Amino acid sequence: MTSFTSRYGNPAIDYQGAHIWSHCRHTATVVTVTGRVVEANVTEVAAHAAHLITAGTPFILDLSGVDEFAPEAVRLLSAVDERCQEVGTDWALVAGDAVSARLKSRDGDLGLPLVGTVAGAEHEFDAAILKRRRLLLPLLSKTA
């Protein structure tokens, strides 16, 4: 594992060819992975991503820059999904070409929350937050 500065100025971590960095936005925690997610690094990548998932903050896993996504790398998606269910938070997956091809090659439907872009995922989370606020406003304005 080595650390370096990414194109966004955030520290990134290299797990044997998988480059990972995270940043918090007003709507969600975004974890971006680029490079290769293969058998040699999937355990570390999954643990790192799962560690960044917190209750009450939506999570976006951006794999749009992944060049190689081995069959074993699907464990990363399972780990993220399990952790999000465990803490009760919503999540979204931005899949690039390599990830999409791997998911299409699998027989079963994994039921993953796929979105086209990080911005699209943030928009969906924003809309969900606004909807919840609208439902709460009438309750907060009533008096006893």
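Me: Contact means heavy atoms within 4.5 Å; by that measure, what covers the buried residues of α2?

Reply: The cover includes β4 (29–37), α1 (42–51), β5 (59–69), β6 (91–95) and α3 (97–105). The model is predicted: local features need pLDDT of at least 70, side-chain atom pairs count only at pLDDT 80 or more, and totals for chains, interfaces and linings use all residues. Residues are numbered from 1 along each chain as its sequence is written, and side-chain values use heavy atoms, without hydrogens or water.

Me: What makes the span of α2 close to the expected one?

Reply: Helices (H or I, at least four residues) and strands (E, at least two) are DSSP runs numbered from the N terminus. Helix α2 occupies residues 74–87, which is 14 residues. The expected span is 1.5 Å times one less than the number of residues, here 20 Å. The distance from first to last C-alpha is 21 Å, close to that value. After α2 comes G88, with a positive phi near 75°.

Me: Which residues of α2 are called buried, and why are they said to line one face of the helix?

Reply: Buried means under 20% relative accessible area, exposed over 50% and partly exposed in between (1.4 Å probe, protein chains only). V74, L76, L77, V80 and C84 meet the buried criterion. Taking directions from the helix axis to the C-beta atoms, the buried residues of α2 fall within an arc of 155°, so they line one face. On the other side, E82, Q85 and E86 are exposed.

Me: Which residues touch the most other members of the largest nonpolar core?

Reply: Such a core joins buried Ala, Val, Leu, Ile, Met, Phe, Trp, Tyr and Cys residues through side-chain atoms within 4.5 Å. The largest has 30 residues, and V33, L61, L63, F69 and L76 touch the most other members. Two or more residues come from each of β2 (11–15), β3 (18–24), β4, α1, β5, α2, β6 and α3. Beyond its neighbours within four places in sequence, L76 is in contact with V37, V42, V45, A46, A49, L61, L63 and F69. A separate core of 9 residues includes A28, V30, V115 and A121.

Me: Which element has the lowest mean pLDDT, and which the highest?

Reply: pLDDT is the predictor's confidence in each residue, from 0 to 100. Strand β1 (residues 2–5) has the lowest mean, 50, and β5 the highest, 97. Where pLDDT is low, the predicted coordinates should not be read in detail. For the protein chain the mean is 86, with 78% of residues at 70 or more.

Methods. Contact = heavy atoms within 4.5 Å.
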